[in-house]
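Here's a quick briefing to read alongside the structure. Have a look at the fold, then come back for the helix notes.

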Amino acid sequence: MQAADASLYDRRVWRSHYAPGTAPDLPPTPHASLAAMVDAASREFAALKAFTTVVPNGMNGSLSFAQVDELSDAFAAFLRGELGLAAGARVAVQLPNGLAYPVVAFGVFKAGCVLVNTNPLYTRPEMQHQFRDSGAEVLVITELFADKLDAVVGPTPVRHVVVAGVPELFPAVPRGIVRAVQRWWNRALPPIPVPHLRFAAALARGREHLRRLGGAAAVRAWWQPIGPADTAVLQYTGGTTGVSKGAQLTHGNLLANVAQIRAMGTSLIEPGRECVLTALPLYHVFAFTANLLSFYEAGARNVLIPSPRPVQNLQRAVENTPLTWITGVNTLFNALLNEEWFVAFPPRRLKAAVAGGTALHHAVAERWEQVTGTRIVEGYGLTESSPVVTFNPLAGRRRAGSIGIPVPGTDVRLLDDAGQPVPPGEPGELVVRGPQVMARYWNQPAETAQVLRDGWLHTGDVAVMDADGFFTIVDRKKDLILVSGFNVYPNEVEDAIGRLDAVLEAAVVGVPDARSGEAVRAYVARRDPSLTAEQVIDHCRTLLTDYKVPRSVVFRDELPKSPIGKILRKELKAEVRSEAAAAAAAREPADA
């Protein structure tokens, strides 16, 4: 493989594909902090609906921009006035999508504190690690999982616990119905084993402090000193090494990414007139930046789904709200396309859907366009870049499989193993430079040095660039399968399998093979139970060269997934390692 001159990337050929009026270099953001951005949007769109939460039985509650502003002021006053937190103190938020989440997140920013996003499904050891590492002093947690708190208060720095319910801030009647169902029918509300404060009481105490301090002016005094270089969020990730660590995202990082997202969507995003479906969890960086921050800044109504599984939980929201945007991952779009109600009555006002988090399969993209009459536009990002790095233009020719072009103000290069740029059409590791790239990993200088080198973020993802500057992800370097010295990228094989109508979803990993070093194994969830392994393999032979074709197929009722619906190859690879270890142990007596 011949290296390319770096000037190939320095010319930024992708800029010619920006929409008319899009500045190729990101202009300075008008806001110094996320709190300032929230304040400005709340005032501009005060009377409009900002958030609606829809639960599976159709009960819902909404908040206007003005209400979000007032409530987040109260929560900021609770943190600073009642709890006495200092600027920069860490506040962990362990909530599902719901009206409480934006109130808490924006209140943390207004208090000048740092948000620590935490998955509500975390186990006790995972919670302990994250709260110890971040030094979080306050935890806002959903009551659904409050039984885990006995492992947190005491063993970690958390000293104050606020408990919030799913129907928080709903009108009285639907709130009472939802809580009654949870308590008496589902029996989903466990006892809370530690001293705590309910969310409503925290807001009441915050309002009392605001009255004593002189109102919203006191809150502005807390956030006005914040600048772009100050840390806004600790977003925990396995990153490129698998060790959980906090990406230190500054106000400037996130504001830049909001501006970059808006720049790429400028032709279709109308301020004050959009409605976005948020089924992905807000504690995940994709939904946090794209849905929560970007659409709030645009004055959009955000429809929040606390629990998107099963996918039928989305039906009331899809049918009863004027959706113009949906964000999701491949598995979510695939699941919707397998619902009769969605295929029969897709959203009538939809402009586009945005895919990220994992590779979008061609078959899913094509069927989505047939059913909805709109595109799924794919982008690419990672936690360390706030997250968006590239995005497909919303207009122009559709480029199947591409993650698009770098967003304004962003440089991307593809490097070979020697660190040299590769020419168009050749695979290389994708590295990124731009204002959205994190400051560092929290308290992890060695880990930071591994991924941030000479101003470039090394992603660990392999991609190719075409002559026009459009990028396509090949796969993760760590997921590469080496068959007789040839590289096999799981994404390519999964995409081929996904073209079979009888396949619901698939995942591909490598397994040890005495002849070729590794062989390809496919794990498949079937739509048609009559599908056989031979049919899967024969189908792949029509699309792939021989060494890429699966040598074995394992059928499963479902594949392991992350909370955002991303198929977890690492769990399948762990199974393969266990199989290999068991096989080796079984051979030992014979070998002896």
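What follows covers one helix pair and one single helix. Keep in mind that this is a predicted model. The pair is α2 with α10, which pack at an angle of about 50°, and the single helix is α7, with buried residues on one side and exposed arginines on the other.

**The α2/α10 pair**

- Helix α2 spans residues 34-44 and helix α10 spans residues 285-297, and their axes sit 9 Å apart.
- With an angle of about 50° between them, α2 and α10 are therefore oblique to each other.
- On the α2 side, the contact is made by L34, M37, V38, A41 and S42; on the α10 side, L293, Y296 and E297 meet them.
- Sort the residues of that contact by type and you get 6 nonpolar, 1 polar and 1 charged.

**Helix α7: length and end**

- Helix α7 runs over residues 199-213, so 15 residues in total, and at 1.5 Å a residue its expected reach is 21 Å.
- From first C-alpha to last, α7 reaches 21 Å, close to that expectation.
- Right after α7 comes G214, with a positive phi near 105°.

**Helix α7: two sides**

- Which residues of α7 are buried? They are F199, A202, L203, G206, H209 and L210.
- These residues cover an arc of only 120° around the axis, which puts them on the same side of α7.
- Their packing partners are α3 (65-82), α4 (100-110), β6 (160-164), β7 (197-198) and α8 (216-223).
- R211 and R212, on the other side of α7, are exposed.

Definitions and conventions. Residues are numbered from 1 along each chain as its sequence is written. This is a predicted model: local features need pLDDT of at least 70, side-chain atom pairs count only at pLDDT 80 or more; totals for chains, interfaces and linings use all residues. Side-chain values use heavy atoms; hydrogens and water are left out. Axes are lines fitted to C-alpha atoms, for helices over the stretch in contact, and angles run from 0 to 180 degrees between N-to-C directions. Helices (H or I, at least four residues) and strands (E, at least two) are DSSP runs, numbered from the N terminus. Angles under 35 degrees count as roughly parallel, over 145 as roughly antiparallel, 65 to 115 as roughly perpendicular and the rest as oblique. Contact means heavy atoms within 4.5 Å. Ala, Val, Leu, Ile, Met, Phe, Trp, Tyr, Cys and Pro count as nonpolar, Asp, Glu, Lys and Arg as charged, and the others, Gly among them, as polar. The expected span of a helix is 1.5 Å times one less than its number of residues. Buried means under 20% relative accessible area, exposed over 50%, partly exposed in between (1.4 Å probe, protein chains only). The arc is that of the directions from the helix axis to the C-beta atoms.
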